Amino acid sequence: MTATPLSTPPLTGAPQPHLQLIWTDPVTGRRGFVVIDRLIRGVASGGLRMREGCTVEEVRGLAAGMTRKEALHYEPGNRYIPLGGAKGGIDCSPHDPQARAVLSRFLAAMRCVLEHHWATGEDLGLRQDTIDDVIGEVGLASSIQAIYPLLDDAAQARQRLADGFAIDVDGVPLPELVGGLGVAESALTALDLIALPHGSARAVVQGFGSMGGATARYLARAGVTVVAVADAYGVIANPDGLDVEHLLRTRDPLGGIDRGQLRPGDREADGDTWLDIACDVLVPAAVSYCIDAVNQTRITARIIAEAANMPTLPEAEAALHARGVQVIPDFVANSATNAWWWWTLFGDIGADAAQAHHKVRQSSRRITTDMLTSARRFGITPRDAALGVVADKIAAIDARFGPGTTPASPSPAGGSHAGAR
């Protein structure tokens, strides 16, 4: 394993992280990566993904995105003080017969980082219960134990988060809904700012797992007509609107839609056609790098809400902005999952669905409004406007705590529901 320590850069400066770890599995030769973009009070947060073809460059970009997601939600009066950003990745298909063993060896190798500096959890290709099981097998208390020293009462905080995870909302666990609620609220806020009534808007959602499914649910409940969703098997479309709740009840654990449950009027199409369907709101919620400089010309939407991490390439985003399409960047649109974890753990909200919904809606609407208003005022992209907010928040956090500060003495170890995005 190689470790590359680097000085912590300004957020919008040279793209060099604080620490970069590259691991090679001694059994299979598979590689894994941990990138800590920035430490705040000695800790950074960010999920662990597993996919064939994962690269250190990808993980580095995701880690920088986590720094932004964390900083955006800094409010001086909150108990939750944002952490630094980090990310982990393993170049291995989660369907590989050796995937679990590779994950186990990777987490064992990263033990010292997980104990003291990196709070992690599920991401693309990995479920939280799998991470929890393997974390226990390698002798760690939790995948978020690095944050325990920052908690006033770690045992009470862990119980509160576990209680939050146990909440079911209309048949779907609360943790699977808060991220999509934030995406939907960002998109609805953007519709309000262009004075397009929710009942007149049409949406297309690519991906129907926890993030895409929840986004579709909350858009539909707000009156938006969801005319198409895409899963791993193709596109389901209906110009009169899909029955989102029915599709949610009949999808499989990975977001696959049961074609035998489609209604009259629902039609199937090839997976790539989601970009061509006329809509006002487009939600890429499945994979990174799916909108490029070529295929962006097929998009008719006025608003793109990035539910997935890094779905729009820079050249495509510039072209979309030039023709008046507002791209709500991933670190704004999909930041609510991350924030909900920590609001609950630190005690800004209780283990309560109504409190979670109110906090996510309030925060997402405020952040999106500030970003889009600033972008319009200064004639810049929403991403650049959001980066300016992030830079100000980082400066305020540094002024309060100092850059690179370390946590207090460790609190007693104990089990916990783990997690980070």
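The exercises below, each with a worked solution, concern a predicted model.

**Exercise 1. Confidence along the chain**

Task: Determine how confident the predictor is over the chain, and which residues have pLDDT under 50.

Solution:
- Begin with the chain as a whole: its mean pLDDT is 90, and 92% of its residues reach 70 or more.
- Next, locate the stretches of low confidence. Over residues 3-14, pLDDT stays under 50, and the model has 26 contacts beyond four places in sequence for them.
- Residues 405-421 also stay under 50 in pLDDT. For this stretch the model has 73 contacts beyond four places in sequence.

**Exercise 2. The hairpin of β2 and β3**

Task: Describe how strands β2 and β3 are joined, and state which residue in the turn has a positive phi.

Solution:
- Strand β2 covers residues 19-24 and strand β3 residues 31-36; the two run antiparallel and are joined by six bridges.
- To fix the register, take Gln20, which stands opposite Val35 in β3.
- The two strands form a hairpin with six residues between them. In its turn, Gly29 has a positive phi of about 80°.
- The loop between β2 and β3 also holds Arg30, and the side chain of Arg30 meets that of Glu52 in a salt bridge, at 3.0 Å from N to O. This pair links distant parts of the chain, 22 residues apart, with Glu52 in the loop between β5 (48-51) and α1.
- Glu52 is partly exposed, because its relative accessible area is 45%, between the limits of 20% and 50%.

**Exercise 3. Buried salt bridges**

Task: For the pairs Glu58 with Arg49 and Glu306 with Arg383, decide whether each residue is buried or exposed.

Solution:
- A search of the whole structure finds 27 salt bridges. One of them joins the side chains of Glu58 and Arg49, at 2.6 Å from N to O.
- The cut-off for a buried residue is a relative accessible area under 20%. Glu58 has 3% and therefore counts as buried; Arg49, with 3%, is buried as well.
- Both residues belong to a network of salt bridges that also links Arg51, Lys87 and Asp123.
- In the other pair, the side chains of Glu306 and Arg383 meet at 3.1 Å from N to O. Glu306 lies in the loop between β15 (303-305) and α9 and Arg383 in helix α13, 77 residues apart, so the pair links distant parts of the chain.
- Glu306 counts as buried because its relative accessibility is 0%. Arg383 is buried too, with a relative accessible area of 19%.

**Exercise 4. Helix α13**

Task: Check the span of helix α13 against expectation, then identify its buried residues and what covers them.

Solution:
- Helix α13 comprises 20 residues, 382-401. At 1.5 Å a residue, taken over one less than the number of residues, the expected span is 28 Å.
- The end C-alpha atoms of α13 are 28 Å apart, which agrees with this expectation.
- The buried residues of α13 are Pro382, Arg383, Ala385, Ala386, Leu387, Val390, Lys393, Ile394 and Ile397.
- To read such a list, recall that an α-helix has 3.6 residues a turn, so residues three or four places apart point the same way.
- The cover over the buried residues includes α1 (56-72), α9 (314-322), β16 (326-328), α10 (330-333) and α12 (353-378).
- After the helix comes Gly402, whose phi is positive, near 85°.

**Exercise 5. The seven-stranded sheet**

Task: Give the strand order of the open sheet, name its edge strands, and describe how β10 is joined to β14.

Solution:
- Seven strands form the sheet, in the order β13-β12-β11-β10-β14-β15-β16, with mixed pairing.
- The edge strands are β13 (267-269) and β16, since each pairs on one side only.
- Neighbouring strands are turned by 20° against each other on average, direction ignored.
- Within the sheet, β10 (residues 202-206) and β14 (residues 281-284) run parallel and are joined by four bridges. Ala203 has Val281 in β14 as its bridge partner.

**Exercise 6. Positive phi outside glycine**

Task: Locate Ala195 and Met310, and state what phi each has.

Solution:
- As background, most residues other than glycine have a negative phi.
- Ala195 has a positive phi of about 60°. Ala195 is found in the loop between α6 (178-193) and β10, and is exposed, with a relative accessible area of 66%.
- Met310 has a positive phi of about 55°, and is found in the loop between β15 and α9.

Notes
Residues are numbered from 1 along each chain as its sequence is written. Side-chain values use heavy atoms; hydrogens and water are left out. pLDDT is the predictor's confidence in each residue, from 0 to 100. Contact means heavy atoms within 4.5 Å. Buried means under 20% relative accessible area, exposed over 50%, partly exposed in between (1.4 Å probe, protein chains only). A salt bridge is a side-chain nitrogen of Lys or Arg within 4 Å of a carboxyl oxygen of Asp or Glu. Axes are lines fitted to C-alpha atoms, for helices over the stretch in contact, and angles run from 0 to 180 degrees between N-to-C directions.
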